[in-house]
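Work through the exercises below with the sequence and the model side by side. Try each task before reading its solution.

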Amino acid sequence: MAPRPRQAGRAILRDDQDRVLLIHFLLPNMRFWATPGGGVEPGEKLLEAAIREVREELGIEVALGGPVHRAVGVFEFEGELIENTDHFFIGRWSGTPRLIGASQSESAALTEARWWTLEEVEAAKDPIFPRDLAELLRRL
């Protein structure tokens, strides 16, 4: 069976020290760090999805520009194969990250949010998505 296509809007948030904000995800079959963001809802534009997801996950309003990058990956979620296309937008914010989670299941999966330096991204032990984030940060 072919994977179900999914479009997502994600935010690359950088602070005044040029660190990037990443969220730790702990799922039944994997753990990883990723930029804030998530799936596009019906009738929603990619940029709108990224802004909404940042608001839902972190409780903040941030202006975003772009898109500046795109990444495609296939993964299994709740027994279903998904071909996910992430569209990345960029913004600036320098607060202290707090996860508020949009739902109980998201709150369980999103365990931590913190700022990362480029060097920390390059040396990370857990996977980081997008996989080419360090290269992307250098380019931006």
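The exercises cover aromatic pairs, a pocket, salt bridges and backbone geometry.

This is a predicted model, in which local features need pLDDT of at least 70 and side-chain atom pairs count only at pLDDT 80 or more, while totals for chains, interfaces and linings use all residues. Residues are numbered from 1 along each chain as its sequence is written, and side-chain values use heavy atoms, with hydrogens and water left out.

**Exercise 1. Describe the aromatic pair of F32 and F129 and place it in the chain.**

Step 1. Rings of Phe, Tyr and Trp (its six-membered ring) pair if their centres lie within 6.5 Å; planes under 30 degrees apart are stacked, over 60 edge-to-face, and the rest tilted. The whole structure has four such pairs.

Step 2. For F32 and F129 the centres are 5.2 Å apart and the planes make an angle of 80°, which is edge-to-face.

Step 3. Helices (H or I, at least four residues) and strands (E, at least two) are DSSP runs, numbered from the N terminus. F32 belongs to strand β3 (residues 30-34) and F129 to strand β8 (residues 128-129), so the pair ties together parts 97 residues apart in sequence.

Step 4. Relative accessible area is read as buried under 20%, exposed over 50% and partly exposed in between (1.4 Å probe, protein chains only). F32 has 11% and is therefore buried.

Step 5. F25 joins F32 and F129 in one aromatic cluster.

**Exercise 2. Find what surrounds the ring of W33: which ring pairs with W33, and which residue lies over its face?**

Step 1. W33 pairs edge-to-face with W116, at 4.9 Å centre to centre and 70° between the planes.

Step 2. W33 is in strand β3 and W116 in strand β7 (residues 110-116), 83 residues apart, so this pair links distant parts of the chain.

Step 3. Both rings belong to buried residues: W33 has a relative accessible area of 7% and W116 one of 5%.

Step 4. A charge sits over a ring if NZ of Lys or CZ of Arg is within 6 Å of the ring centre and within 35 degrees of the ring normal. R114 lies over the face of W33, 5.5 Å from the ring centre, and also over the face of W116, at 3.9 Å.

**Exercise 3. Describe the largest pocket: how much space lies in it, and which element gives the most to its lining?**

Step 1. A pocket, on a 1 Å grid over the protein atoms alone, is an open set of points where a 1.4 Å probe fits, with protein on both sides within 12 Å along at least five of seven lines; lining residues have an atom within 4 Å of a point. The largest pocket holds about 1,000 Å³, a volume being the space filled by probe spheres set on the points.

Step 2. The lining has 38 residues, and R6, L27, F32, F75 and F77 are the closest to the pocket centre.

Step 3. Strand β5 (65-77) is among the elements that give two or more residues, and β5 gives the most, with seven.

Step 4. The lining divides into 18 nonpolar, eight polar and twelve charged residues. Here Ala, Val, Leu, Ile, Met, Phe, Trp, Tyr, Cys and Pro count as nonpolar, Asp, Glu, Lys and Arg as charged, and the others, Gly among them, as polar.

**Exercise 4. Place the salt bridge of R92 and D18 and that of E56 and R52 in the chain.**

Step 1. A salt bridge is a side-chain nitrogen of Lys or Arg within 4 Å of a carboxyl oxygen of Asp or Glu. The structure holds twelve.

Step 2. R92 and D18 meet at 2.7 Å, N to O. R92 is in strand β6 and D18 in the loop between β1 and β2, so the bridge ties together parts 74 residues apart in sequence.

Step 3. R92 is exposed at 52%, whereas D18 is partly exposed at 38%.

Step 4. E56 and R52 meet at 3.2 Å, N to O. Both lie in helix α1, four residues apart, about one turn of the helix.

Step 5. E56 is partly exposed at 24%, and R52 is buried at 9%. Salt bridges that share partners join E41, E44, R52, E53 and E56 into one network.

**Exercise 5. Which peptide bond ending at P67 is cis, and what is the phi of D18?**

Step 1. Most residues other than glycine have a negative phi, and most peptide bonds are trans.

Step 2. The bond from G66 to P67 is cis, with omega near 20°; P67 lies in strand β5.

Step 3. F129 and P130 are also joined by a cis bond, with omega about 5°.

Step 4. D18 is not glycine, and its phi is positive, near 65°.
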